[in-house]
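Please open the model in your viewer and keep the sequence alongside it. The tour below moves from one selection to the next and says what can be found at each stop.

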Amino acid sequence: MASESRLYTFSADTAEKLRKFRLGTSRAKSPQAVVYQIDKHTLEIAQADDTVYSNVQELGDELPDHSPRFILLSYPLTLPSGRLSVPYVLLYYLPVTCNAEVRMLYAGAKELMRNTAEVGKVIEIAEAEDLETIEEKLGGTA
């Protein structure tokens with residue numbers, strides 16, 4: 001992690017937003033998601049906009065077709081045992097149509113984003129439609 005922490009940066013404001021989102025969604029009753037992107041010039045990882053998505057379909061509609069994104073997702077679900085769980089995961093959205101330079105940019109930052117956001121799991125998705133099956137990827141009941 002040492003090399004990517006020198007290459008990519010988080011502003012103090014972004015780091016605080018990450019912390020508040022993680023703590024604020026731990027008891028959420030509905031899905032909560034925020035989208036992060038990397039500025040290609042400054043290599044700063046920042047929230048794409050101030051939107052907090054509570055609808056996974058709406059989130060999918062907003063994702064770009066040719067550019068990767070990091071999505072922090074807190075998704076309440078019922079486990080097969082009947083217990084309620086709220087996993088906090090990083091969705092690594094990497095469309096097959098994005099160029100190699102941008103792929104490498106996001107691939108290099110993935111572990112730093114994972115560690116900084118303190119997520120429990122990284123799930124890679126290639127298209128917005130993959131969000132429709134996110135509950136089974138998280139291990140819940142449909």
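Leaving aside its neighbours within four places in sequence, with which residues is valine 96 in contact? In this predicted model, select valine 96 in the loop between β6 and α4, and then show Arg103 and Ala126, which are the residues that valine 96 contacts once those sequence neighbours are set aside. Valine 96 counts as exposed because its relative accessible area is 64%, above the cut-off of 50%. If you draw a distance from the C-alpha atom of valine 96 to that of glutamate 136, which lies 40 residues away along the chain, it comes to 22 Å.

**The whole chain**

Zoom out next and colour by secondary structure: the protein has five helices and seven strands, and from the N terminus on these elements follow the order α-α-β-β-α-β-β-β-β-α-β-α. The C-alpha trace spans about 45 × 30 × 25 Å along its principal axes. A compact globule of 142 residues would have a radius of gyration near 14 Å, and the 15 Å of this protein agrees with that. Of the 142 residues, 44% are buried, and among contacts with a separation of 6 or more, 63% join residues 24 or more positions apart.

**The sheet**

Now select the open sheet of five strands, whose order is β2-β1-β3-β6-β7 and whose pairing is mixed. Strands β2 (45-47) and β7 stand at the edges with a single partner strand each, so one side of each has no neighbour in the sheet. From one strand to the next, the twist averages 30°.

At the β2 edge, select strand β1 (residues 32-38) together with β2, which pair in the antiparallel sense over three bridges; within this pair, tyrosine 36 has glutamine 47 in β2 as its bridge partner. Add helix α2 (residues 12-24), which packs on the sheet and touches β1, β2, β3 and β6, with a direction that makes about 160° with that of β1.

At the other edge, select β6 (residues 88-93) and β7 (residues 121-125), which pair in the parallel sense over five bridges, and look for leucine 91, which stands opposite isoleucine 123 in β7. To follow the chain between these two strands, trace it from β6 through helix α4 (residues 100-117) to β7, a β-α-β crossover that is right-handed. Helix α4 itself lies across β1, β2, β3, β6 and β7, and runs at about 175° to β6.

**Histidine 66**

For the last stop, select histidine 66, which sits in the loop between α3 (56-62) and β3 (69-74). Is histidine 66 buried or exposed? Histidine 66 is exposed, with a relative accessible area of 55%, yet this residue also touches Pro95, Thr97 and Cys98 when residues up to four places away in sequence are not counted. Show the side chains of histidine 66 and threonine 97, and you will find a polar contact of 2.8 Å joining them. The C-alpha atoms of these two residues are separated by 5.4 Å, although histidine 66 and threonine 97 are 31 residues apart along the chain.

How values were computed
Residues numbered from 1 in each chain as written. Predicted model: local features only at pLDDT ≥ 70, side-chain atom pairs only at ≥ 80, totals over all residues. Heavy atoms only, no water. Pairing = 2+ DSSP bridges. Helix = DSSP H or I, 4+ residues; strand = E, 2+ residues; numbered from the N terminus. Right-handed = clockwise from strand over helix to strand, strands pointing away. Buried < 20%, exposed > 50% of the residue type's maximum accessible area, 1.4 Å probe, protein only. Contact = heavy atoms within 4.5 Å. Polar contact = N/O pair within 3.5 Å; in protein donor to acceptor, adjacent residues only side chain to side chain. Axes fitted to C-alpha atoms, helices over the stretch in contact; angles between N-to-C directions. Rg over C-alpha atoms; globule rule 2.2 N^0.38 Å.
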